[in-house]
Amino acid sequence: MNIEFLGTGGAMSIPRPLCTCKVCIEAREKGVPYSRTGPSIFLHGPDLLIDTPEDSYVQINRSTIREINGVLYSHWHPDHVMGRRVVESISADWRNHPPENDPVDVFLPEQVHNDFDRFLGSGDHFNFFKEQGYATVHKLSDDENIQMSDTTIYPFRLAESYVYGFLIENDGRNVLIIMDELNNWQPPEFMKNIDVAILPAGIFDVHPLTGEILVSPDHPVLKEEATFKETVEVIEKLGAKEVYLTHIEEVNGLSHDTLKVVEEKYAEKGIRFTFAYDTQIISI
Ligand SMILES: [Zn+2]
Ligand SMILES: [Zn+2]
């Protein structure tokens with residue numbers, strides 16, 4: 001199975017519109033891997049798209065994706081759902097009458113389904129897709145999994161219990177994907193056999209090389225989001241064979257090159273991970 005990182009940015013893409021910080025200027029000049037679009041991942045094989053940030057159209061057009069069999073959502077936050085119209089773009093038949101739409105399977109874990117009915121009009125929008133014949137929406141109860149070709153996907157709730165992580169089994173290999181919100185999460189005992197873990201990098205409250213304070217210590221975001229240091233603790237506890245970090249925020253002001261140096265510094269201490277970049281494809 002191949003996994004394609006469609007977007008490795010966080011709630012703000014890099015370059016952020018109008019921003020003249022060094023990281024955004026570099027990203028505007030050089031593009032990938034310095035630029036990062038919103039958080040989204042594609043599993044080749046089951047051909048499953050995870051989350052649809054507003055950059056979804058561009059991401060899919062530049063990707064190696066040829067077919068999408070399903071769309072799965074991790075949580076309701078805007079940076080993960082606002083490109084949801086892409087569901088219509090890949091399913092709607094606007095040529096024939098009556099239309100021969102090819103409805104996409106949309107998988108919503110229980111709490112995500114409930115939250116879509118409360119926030120941002122996502123529930124309304126998916127009801128519209130259902131009525132138009134663009135989507136078949138599956139509400140997954142918390143004990144349900146998704147079976148797609150030779151892949152099983154087990155959604156599970158994180159410590160921030162409105163957000164789901166995904167355990168994926170494919171051909172005897174175990175992959176863990178957490179799109180966002182690692183705050184307070186501890187890997188459970190049974191999760192000791194992970195081949196590849198994809199995790200959100202967390203907030204860099206201090207600069208990972210210089211120690212400079214990047215976020216005021218009393219900022220409320222530090223109560224809601226895991227810091228990079230806490231993410232490293234999770235990496236150490238998890239003991240996965242390979243780790244990729246994503247959901248890298250513009251506000252951190254860390255360039256692709258700086259993050260490469262951070263990787264080397266931690267590797268020297270025996271802690272291995274890779275910061276993913278947009279368009280990267282890994283083989284599982
Ligand atoms: Zn996010
Ligand atoms: Zn910027």
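In what order do the seven strands of the open sheet lie? The legends below take up this and other close-up views of a predicted model.

**View 1. The open sheet is built from seven strands.** Their order is 7-8-9-10-11-12-13, and the pairing is mixed. At the edges are strand 7 (146-148) and strand 13 (274-275), each of which pairs on one side only.

**View 2. Strands 9 and 10 pair in the antiparallel sense.** Here you can follow strand 9 (residues 164-170) alongside strand 10 (residues 173-177), joined over five bridges. Look for N170, which stands opposite R173 in strand 10.

**View 3. Four protein donors surround the zinc ion (ligand 1).** They are D79 (OD), H80 (NE2), D180 (OD) and H247 (NE2), at 2.0 to 2.2 Å from the metal. Along the chain, these donors follow the spacing D-H-x99-D-x66-H. The arrangement is irregular because the angles subtended by the four donor atoms run from 89 to 158°, whereas tetrahedral donors count as such only if all angles lie between 85 and 135 degrees.

**View 4. Two histidine donors tie together separate parts of the chain.** H80 sits in helix 3 (residues 78-81), while H247 belongs to the loop between strand 12 (242-246) and helix 9 (256-268), so the pair links parts that are 167 residues apart in sequence. Both H80 and H247 are buried.

**View 5. H247 also helps to line the largest pocket.** This pocket holds about 330 Å³ of space. Its lining has 20 residues, and those nearest the centre are A11, I203, E225, H247 and E249. By type, the lining residues divide into 10 nonpolar, five polar and five charged.

Note on methods. Residues are numbered from 1 along each chain as its sequence is written. Chains are lettered from A and ligands numbered from 1 in the order in which they are written. This is a predicted model: local features need pLDDT of at least 70, side-chain atom pairs count only at pLDDT 80 or more; totals for chains, interfaces and linings use all residues. Side-chain values use heavy atoms; hydrogens and water are left out. Donors are N, O and S atoms within 2.8 Å of the metal (3.2 Å for Na, K and Ca); water is not among the atoms, so sites may look incomplete. Four donors count as tetrahedral if all angles lie between 85 and 135 degrees; four count as square planar and six as octahedral if opposite donors are over 155 degrees apart and all others between 65 and 115; anything else is irregular. Helices (H or I, at least four residues) and strands (E, at least two) are DSSP runs, numbered from the N terminus. Buried means under 20% relative accessible area, exposed over 50%, partly exposed in between (1.4 Å probe, protein chains only). Two strands pair if DSSP finds at least two bridges between them. On a 1 Å grid over the protein atoms alone, a cavity is a set of points where a 1.4 Å probe fits but cannot get out, and a pocket is an open set with protein on both sides within 12 Å along at least five of seven lines; lining residues have an atom within 4 Å of a point. Grid points are joined across faces, edges and corners, and a volume is the space filled by probe spheres set on the points. Ala, Val, Leu, Ile, Met, Phe, Trp, Tyr, Cys and Pro count as nonpolar, Asp, Glu, Lys and Arg as charged, and the others, Gly among them, as polar.
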